[in-house]
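Please open the model in your viewer and keep the selection panel at hand, since each stop on this tour begins with something to select.

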Amino acid sequence: MEILELITENVAAFLKAEYQAEGPAPKIESTNPNFKGDFTVVVFPYLRISKSNPEATANAMGTYLVEHLDEISGYNVVKGFLNLELADAFWVNCFEELHPKPTEIPAIGKGQKVVVEYSSPNTNKPLHLGHIRNNVLGYSFCQILDANGYDVVKNNLVNDRGIHICKSMLAWQKYGDGETPESSGIKGDHLVGKYYVRFDQEYKKQIESLKNDGQSEEDAKNNAPLILEARKMLQDWEKGNSEVISLWETMNSWVYEGFDQTYATLGVSFDKVYYESDTYLLGKDIVKGGLESGVFYQKEDGSVWVDLTDEGLDHKILLRADGTSVYMTQDIGTAELKYSDFKMDQSIYVVGNEQDYHFKVLQLILKKLGRPHWEGLHHLSYGMVDLPSGKMKSREGTVVDADDLMAEMVQTAKTQTEELGKTEGMSKAELEELYHTLGIGALKYFLLKVDAKKRMLFDPQESIDFQGNTGPFIQYTYARIQSVLRAAENADFNLVSSLETEEKALIRLFTEYPQVVNDSARDFNPSIVANHAYELAKAYNKFYHQCSILGAKEEETKNFRLALSRTCGAILQHACGLLGMSMPERM
RNA sequence: GGCUCCUUAGCUCAACUGGAUAGAGCAGCUGCCUUCUAAGCAGCAGGUUUCAGGUUCGAGUCCUGAAGGAGUCACCA
């Protein structure tokens, strides 16, 4: 905001005029609500210059600022804090300037291309709540980058190959009896997930039996017939065995159909999809190249490794002795492919923090290989969603299924809406849309209001709230604003000369919004936008109760308050759009 | 065991990156719908910011140590 620059300049001028000295730029903060004022300058850093006590220094500075800046109407001093009071006219001017374009964001990303990889599902099981956090976070962050002027490519890397995929394929082959989504009525991804779980159950049985025969735990895990068969299947797959490939294609197509449905319900989308089956060979080639150039080394058994001990890390395998590739191999290949496709300035990976080490290693490897894109790699590392019982594990069935959860949320929205009974006259289709908007909105906001870096807890016993700091609260505020605007005759725009505290609070939050969107992009953190939207909704409801809009005594006041409402609605809608939430006109 | 991260009200989370008397929501209690949507508003209660030191005018925030928890160190992804 310009006012902050003005204050900064005038503090410097004050130091020069008063003490013939230069000092650090002032720390200007919002005044603590317990004190009178709008902005606060902390004067402690200037005591060295003033050689006086905090109060005297602050008073001298305050006097100077009031004299030189029309915007500042007064000041007060508490200890070393100079609280500056800004004139109502200043805030009214702010509103006049911002109101035609309240959601215009400084384009800090202009000219920069960013590929954001998120979702990245495995095709051996359906999505769960952890994946929802990833998807919601990734999608939202793409919207935020876009709002900041970045050229964004939303990218999904599908984990469609590997030993884990072979496990569900093998189990289906052995125990499936030809079951299909059509024959069973089970959604494709869930059907395949069923066999992934089945594999694990049978595998465990075999391990137990081998242990009873006297094998060690580790030997049993390596010698169980099922795991040997799965490994064989992976090798056959890499060799292009037609029977295996055909089974793989069939089962993957079931999964994709299921995922498409889940993505559609969740409201996320992608500009570009990569499949690891298409990128791992490129990865292998690059690893072989690195071996030839001496960046990597080979062990006697034929496996290929990278030595990262100089960087304080470990040795890391890049190709197995049997020649098949590992996770890292694929990621090297995909990184290369992305760069040749997009020549991006930044490559962002939305992946859980359990892979912090993996991405550290990936970046170092790309650097060692001299790839130009190593530097723009950024891991948007987010915390796991834990249950009260601990971590979610697909194989053990302790997951909150994505499809189930979304359906529950929509159902809860329906129940709550019907209880309140405010939807008279809405068609069935409109109602369905409303329930979806509210249910999914509640879910997304629940996941996005928490700092992405932090792990979070989800208790399936307690349903996600629709009151308080929630998505529906913000949606409600928006619907309320729309209701007022609908009831208003098309009013002229005009300004007023003095403000209620609730009006001032709203304008202040309006002015902060563009900076909030910038900060959110810079910090890789959508929760900053979410929290600001909540603050704004809260401030509006307070205003709504305290100040009559349509019933205002003066026509000017009414028009002004309508303009405040319109602006507030626009920002709420924009902010929630960045979070991937839609807004109802009525609820 | 090595490394990384976390610990704020009964519960879930904030705290503008070192500023004032640590804030919200939920749960609990009390008021407010004949007036623009009560999914709302106002209020009460709830805290030694895990503990012990240190740095500083000032520490939830920075440094050291301790306790508890999570992740990772896989030829899983």
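## The surface near the RNA

Sorted by class, the surface near RNA strand B is made up of 28 nonpolar, 19 polar and 20 charged residues. Please keep in mind throughout that this is a predicted model.

Select RNA strand B together with the residues around it, which number 67, and look for Asn159, Asp301, Lys422, Tyr476 and Arg480, the ones that come nearest. If you then colour the RNA by sugar, phosphate and base, you can follow how the contact is divided: of the atoms of RNA strand B within 4 Å of the protein, 58% belong to sugar or phosphate, and the rest belong to bases.

Next, turn to the bases themselves, and select threonine 40, where an N or O atom of the side chain is 2.7 Å from a base nitrogen of RNA strand B. At alanine 479 it is a polar backbone atom that is 3.4 Å from a base oxygen of RNA strand B, and at cysteine 547 a backbone N or O atom lies 3.3 Å from a base nitrogen of that strand. The elements that give two or more residues to this surface are β2, β4, α6 (163-175), α13 (327-342), α15 (402-420), β14 (456-457), α17 (471-487) and α19 (527-546).

## Strand β4 and its partners

From that list, select β4 (residues 81-86), which is largely enclosed by the rest of the structure because 5 of its 6 residues are buried. Add β2 (residues 39-42), which runs antiparallel to β4 and is joined to it by 4 bridges, and then β3 (residues 72-78), which is also antiparallel to β4 and is joined to it by 6 bridges.

Which residue of β4 is the bridge partner of phenylalanine 39? It is leucine 84, and leucine 84 is likewise the bridge partner of tyrosine 75. Follow the chain from β3 into β4 and you will pass through a hairpin with 2 residues between the strands, where lysine 79 in the turn has a positive phi of about 50°.

## The largest pocket

For the last stop, select Asn122, Lys125, His131, Glu354 and Gln355, which lie nearest the centre of the largest pocket among the 44 residues that line it. The volume of this pocket is about 1,300 Å³. Two or more lining residues come from each of α5 (129-147), α6, α13, β11 (346-352) and β13 (385-386), and β11 gives the most, with 4 residues. Coloured by class, the lining divides into 15 nonpolar, 16 polar and 13 charged residues.

Notes:
Residues are numbered from 1 along each chain as its sequence is written. Chains are lettered from A and ligands numbered from 1 in the order in which they are written. This is a predicted model: local features need pLDDT of at least 70, side-chain atom pairs count only at pLDDT 80 or more; totals for chains, interfaces and linings use all residues. Side-chain values use heavy atoms; hydrogens and water are left out. Buried means under 20% relative accessible area, exposed over 50%, partly exposed in between (1.4 Å probe, protein chains only). Two strands pair if DSSP finds at least two bridges between them. A residue is near a molecule or strand if one of its heavy atoms lies within 4 Å of it. A polar contact is a pair of N or O atoms within 3.5 Å; within protein, one must be able to donate a hydrogen and the other to accept it, and residues adjacent in sequence count only if both atoms are side-chain atoms. Ala, Val, Leu, Ile, Met, Phe, Trp, Tyr, Cys and Pro count as nonpolar, Asp, Glu, Lys and Arg as charged, and the others, Gly among them, as polar. On a 1 Å grid over the protein atoms alone, a cavity is a set of points where a 1.4 Å probe fits but cannot get out, and a pocket is an open set with protein on both sides within 12 Å along at least five of seven lines; lining residues have an atom within 4 Å of a point. Grid points are joined across faces, edges and corners, and a volume is the space filled by probe spheres set on the points.
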